[in-house]
Amino acid sequence: MQLENLKTKFLGRNTIYYSEIDSTQAEIWRLVDKGNITNGTLIFTDIQNKGIGTHGRVWHTDEKGNIAFSFFIQPDCNIENLDGLTKEIANIIVNILKRQYGITLNIKEPNDIVYNNKKIGGILTQTRVICEKVKYLVIGIGINTVKENFTEDIKNIATSIKKEFGIDVDVKQFIVEFCNVFEKIIIERIGN
């Protein structure tokens with residue numbers, strides 16, 4: 001399944017879609033370990049049954065229509081080049097949603113997207129460093145766009161765009177816009 005209107009050189013040019021998977025992040029690392037992945041590969045899904053959040057938490061993507069994707073980059077750069085990258089990604093997400101849908105969300109640093117102190121989205125950034133160079137960068141993004149039902153343990157701290165604003169987000173359009181903006185930033189940082 002290809003993404004239309006991409007203006008990128010490499011990010012999102014190779015996409016893999018699953019209707020359901022354990023975790024887009026875990027799938028990328030499996031492909032890395034098999035040596036079967038190209039720079040810029042993006043994996044997205046409708047449903048994750050074991051999505052990875054920060055600090056080993058689970059990210060629930062159990063209804064179709066939410067945003068859940070991860071992508072792979074081979075930066076081959078010093079770790080310092082990636083300082084503040086997660087916050088920059090959060091800014092991109094907030095700006096896209098403001099521009100496309102007129103909604104204002106906030107960032108709870110470093111990696112949460114929130115509205116009225118309730119979490120709407122999150123970013124997971126993972127790297128593998130070899131000989132003091134970041135060889136592999138895997139970034140996962142999850143945004144509750146349509147999720148209505150939250151489990152007891154998170155219902156008071158999580159929400160969705162649909163629940164708060166009554167807006168339907170076009171998932172593919174969001175991913176394309178994200179790739180178009182983010183690729184320019186990552187190229188500047190790693191010098192490719």
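**Packing around Phe 69 and the overall fold**

Leaving aside its neighbours within four places in sequence, Phe 69 is in contact with Thr 24, Leu 42, Ile 43, Phe 44, Ile 139, Gly 140, Ile 141, Phe 174, Ile 175 and Phe 178. The model is predicted. Phe 69 is among the residues with the most contacts inside the largest nonpolar core. That core has 45 residues. Phe 71, Ile 93, Ile 141, Phe 174, Phe 178 and Phe 182 are also named among its best-connected members. Six elements each supply at least two residues of this core: strands S2 (42–52), S4 (67–73), S7 and S8, and helices H2 (85–101) and H4 (171–190). Helix H4 gives the most, with 11 residues. Apart from this core lies another, of eight residues. Trp 29, Leu 31, Ile 37 and Phe 72 are among them. In soluble globular proteins, nonpolar side chains tend to be buried together.

The cores sit within a mixed fold. The protein chain holds four helices and eight strands. Along the sequence, their order is β-α-β-β-β-α-β-β-β-β-α-α. Contacts between residues far apart in sequence are frequent. Among contacts with a separation of 6 or more, 70% join residues 24 or more positions apart.

The overall dimensions were examined next. The C-alpha trace spans about 45 × 30 × 30 Å along its principal axes. The radius of gyration of the protein chain is 16 Å. A compact globule of 192 residues would have a value near 16 Å, so the two agree. Of the 192 residues, 52% count as buried. The protein chain exposes about 9,500 Å². Carbon and sulfur atoms supply 46% of that area. The charges were also located. There are 24 positive and 24 negative charges, and their mean positions are 1 Å apart.

One charged residue deserves separate mention. Is Glu 27 buried or exposed? Glu 27 has a relative accessibility of 12%. The cut-off for buried is under 20%, so Glu 27 counts as buried. Glu 27 lies in helix H1, which covers residues 24–34. Beyond its neighbours within four places in sequence, Glu 27 is in contact with Tyr 18, Ile 21 and Ile 43. Ile 43 also appears in the contact list of Phe 69.

Two loops show particular backbone geometry. The loop between strand S5 (106–108) and strand S6 (112–115) contains Pro 110. A cis peptide bond joins Glu 109 and Pro 110. Its omega is about 5°.

The other loop lies between strand S7 (118–130) and strand S8 (133–143), and Cys 131 is found there. Glu 132 is placed in this loop as well. Cys 131 is not a glycine, yet its phi is positive, at about 50°. Glu 132 is not a glycine either, and its phi is positive too, at about 65°. How accessible are these residues? Cys 131 has 74% relative accessibility. The cut-off for exposed is over 50%, so Cys 131 counts as exposed. Glu 132 is also exposed, with a relative accessible area of 70%. The strands on either side of this loop, S7 and S8, each supply at least two residues of the largest core.

Conventions: Residues numbered from 1 in each chain as written. Predicted model: local features only at pLDDT ≥ 70, side-chain atom pairs only at ≥ 80, totals over all residues. Heavy atoms only, no water. Rg over C-alpha atoms; globule rule 2.2 N^0.38 Å. Buried < 20%, exposed > 50% of the residue type's maximum accessible area, 1.4 Å probe, protein only. Contact = heavy atoms within 4.5 Å. Areas by Shrake-Rupley, 256 points an atom, 1.4 Å probe, with all protein chains shown as cover. Lys, Arg positive; Asp, Glu negative; His and termini not counted. Charge placed at Lys NZ, Arg CZ, Asp CG, Glu CD. Core = buried A, V, L, I, M, F, W, Y, C linked by side-chain atoms within 4.5 Å.
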